[in-house]
Amino acid sequence: MPELNRRHFLVTGLAAGAAAAVPAGAAHAEPDPAPDPAAETAQSLASRGLRADPFTLGVASGDPDHDGFVLWTRLAQEPLAEDGMGGMPQRPFPVLWQVYADERCRRLVRAGVAVAAPEWGHSVHVEVGHLSSGREYWYRFRVGPYVSQVGRALTAPHPLSYGGALTMAFASCAQFEHGYFTSYRRMAEDRPDIVLHLGDYQYEYKRETYNSPGGNVRHHEGPETETLAGYRQRHAQYKADPDLQAAHAASPWLVVWDDHELDNNWADEVAEKPEIPQPGFLSRREAAFRAYYENMPLRRASVPRGIDMQLYRRVRWGRMATFHMLDTRQYRDDQGCGDGYRDCPAAVDPARSITGAEQEAWLLDGFRHSRAQWDILGQQVFFAQRDNNAGPAKITSQDAWDGYVASRRRITQGWIDAGVRNPVVLTGDVHAHWASDLKLDYDDPTGPSVGSELVASSISTGGDGADSDPATHPFLKINPHLKFYNNQRGYVLTKIERDLLTADFKVLPQVREAGSEAYTRATYVVEDRVPGVQQTYLRPLDPALRSRAMTVEETVRLETERP
């Protein structure tokens, strides 16, 4: 192991109270200076109090730019410890991090020491810079005699370069109890350049509260997550899954939350069921946000301050793509008529917003200044209109953008007015694959398409699901801008080139048993300057798999029947 200079001990103090400063483990990496024996001493001290491998939660990288990325790990000897501290002593541990130019970890290019502090769940966030643009790197961590697995990270192309084709995967909704995380394993095998996780990374329910068809195949530890200890324990249970660890180690991630990272269908400072008093909800929100930061590869800008956390942000992949990562939970007005599908007058109230005024202004400004080939909105809930009523009434999901019609129209008009070249919205939440054209006016089906939406099914939520002929789904008949539906589990793998975005809708025949192979159920493309999705491949129904025609009622139930 290389010896390091004392300047590598980059430790930032913590302020008292809710307005904490940068966590001690959130180090900023400078170029590697001359070696020094101090690091060897630190590593010998680090092993004191450790009796087992502390790297049980894996490693991760995230938020890449053209000269670096964030590296993450969290120390936990006993991941499921009830106090949320992972069986770690209540003291800080110096953690050696290393970045290499080769997969066999022989050519060291950056190294340093960050501190895993108990105040932040012994998590480590290192912002590595001064790297070459548009290339792969590998990294690992060490504490005393223990060495983590090796992860792969990438830097984005130079801001003035398109780089080569960008392979991007996106996913959402991984309910640990409903099935195995085989989709994460298959995603890791694809080795995408970047992964977007669009929310519901974990679920808050206690054991056997939220059951999948046929029963749950494994179980949550601990009560419903309401405390910092509870959220830390739940994150650790998910992070200990080997398939999820493989996906994190394979590629850098861009993450945003949806609702289950805190509480089902929460909105700003309002709990799921406001009619039932929850006097501790804001404390719960603070705990959930803190644990989320501790367990994700996020930059210092996202360090939570009390009940607030800056999660919406922009990540540029050279001139090829700009990712606008949105937060549609923290700033939204409460659902106008409760959750579920309703004919709701409040849905069209122009004063109501799903993003909040500040985030909306930030997004519109980003459209005006964008010079990217593809502007991609990574966000949580369905963007296109989905009316489930064939008659004159309009019955739509109030938890999605349909519950905030004016907000959706302002943002859509914003990218039209800014002349955004190729707007594409990526979505999770609804536990099924969808593809859709986007309209400015959904009441005029003959009007032009002005964008494209791709929706990823769940990793495991809902159990195995079933295949069907997408052309028979009633939503597609009621809403002609909707083009594809599939109710199997999986993810979406895309290839982004200057003239074409190709999206393969990957599915698994089952998740109630581990080890299924993934295959492409359908492929859709978006051509440069041609808004809307076009199908180029549809796999025939497999007679060996369970399939059934989907109804409006079953589709709504699968989306909304969450305790």
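This report walks through the pockets, the cavities, a helix pair and a salt bridge of the structure above. The model is a predicted one.

**Pockets**

Let's start with the open spaces. The largest pocket comes in at about 280 Å³. Its lining counts 20 residues, and the ones nearest the centre are Val348, Gln385, Lys394, Val405 and Arg408. Helix 7, spanning residues 405-417, hands over the largest share of that lining, with four residues. If you're thinking about what chemistry faces this pocket, the lining splits into nine charged, seven nonpolar and four polar residues.

The second largest pocket holds about 240 Å³ of space. Here 16 residues do the lining, with Pro159, Arg316, Gly318, Arg319 and Thr322 closest to the centre. Two elements give two or more residues each to this lining: strand 13 (313-317) and helix 6 (357-369). Helix 6 gives the most, namely three residues. By class, the lining of the second largest pocket has six charged, six polar and four nonpolar residues.

**Cavities**

Now for the enclosed spaces. The structure has two cavities of 30 Å³ or more. The largest cavity has a volume of about 40 Å³, and the second largest cavity also holds about 40 Å³.

Around the largest cavity sit Val430, His431, Ala432, Trp434, Tyr485, Asn487, Thr555, Leu558 and Glu559. Strand 22 (482-496) and helix 9 (552-560) each bring at least two residues to this lining, with helix 9 providing the largest share at three. Five of the lining residues are nonpolar, three are polar and one is charged.

The second largest cavity is lined by Arg421, Asn422, Pro423, Gly451, Ser452, Val526, Glu527, Arg529, Val530 and Pro531. Strands supply much of the story here: strand 20 (449-455), strand 24 (519-527) and strand 25 (530-538) are the elements giving two or more residues. The class split for this lining is four nonpolar, three polar and three charged.

Here are the four spaces side by side:

| Space | Volume | Lining by class |
|---|---|---|
| Largest pocket | about 280 Å³ | seven nonpolar, four polar, nine charged |
| Second largest pocket | about 240 Å³ | four nonpolar, six polar, six charged |
| Largest cavity | about 40 Å³ | five nonpolar, three polar, one charged |
| Second largest cavity | about 40 Å³ | four nonpolar, three polar, three charged |

**A helix pair**

Next, some packing. Helix 3 (residues 228-239) and helix 5 (residues 281-294) pack with their axes 8 Å apart, at an angle of about 35°. The crossing of helix 3 past helix 5 is right-handed. On the helix 3 side, the contact is made by Leu228, Tyr231, Arg232 and His235, while helix 5 puts in Arg284, Ala287, Ala288, Arg290, Ala291, Tyr292 and Glu294. Sorted by class, the residues of this contact are six nonpolar, four charged and one polar.

**Salt bridges**

Side chains of opposite charge can pair when their charged atoms come close. The structure holds 32 salt bridges. One pair to look up is arginine 300 with glutamate 127, whose closest N and O atoms lie 3.4 Å apart. This salt bridge ties together distant parts of the chain, with its partners 173 residues apart. Arginine 300 sits in the loop between helix 5 and strand 13, and glutamate 127 belongs to strand 6 (residues 123-128).

Methods. Residues numbered from 1 in each chain as written. Predicted model: local features only at pLDDT ≥ 70, side-chain atom pairs only at ≥ 80, totals over all residues. Heavy atoms only, no water. Axes fitted to C-alpha atoms, helices over the stretch in contact; angles between N-to-C directions. Left-handed = near helix turned anticlockwise from the far one by under 90°. Contact = heavy atoms within 4.5 Å. Nonpolar A, V, L, I, M, F, W, Y, C, P; charged D, E, K, R; others polar. 1 Å grid on protein atoms, 1.4 Å probe; cavity = no way out; pocket = protein on both sides within 12 Å on 5 of 7 lines; lining within 4 Å. Points joined across faces, edges and corners; volume = space filled by probe spheres on them. Salt bridge = Lys/Arg side-chain N within 4 Å of Asp/Glu carboxyl O.
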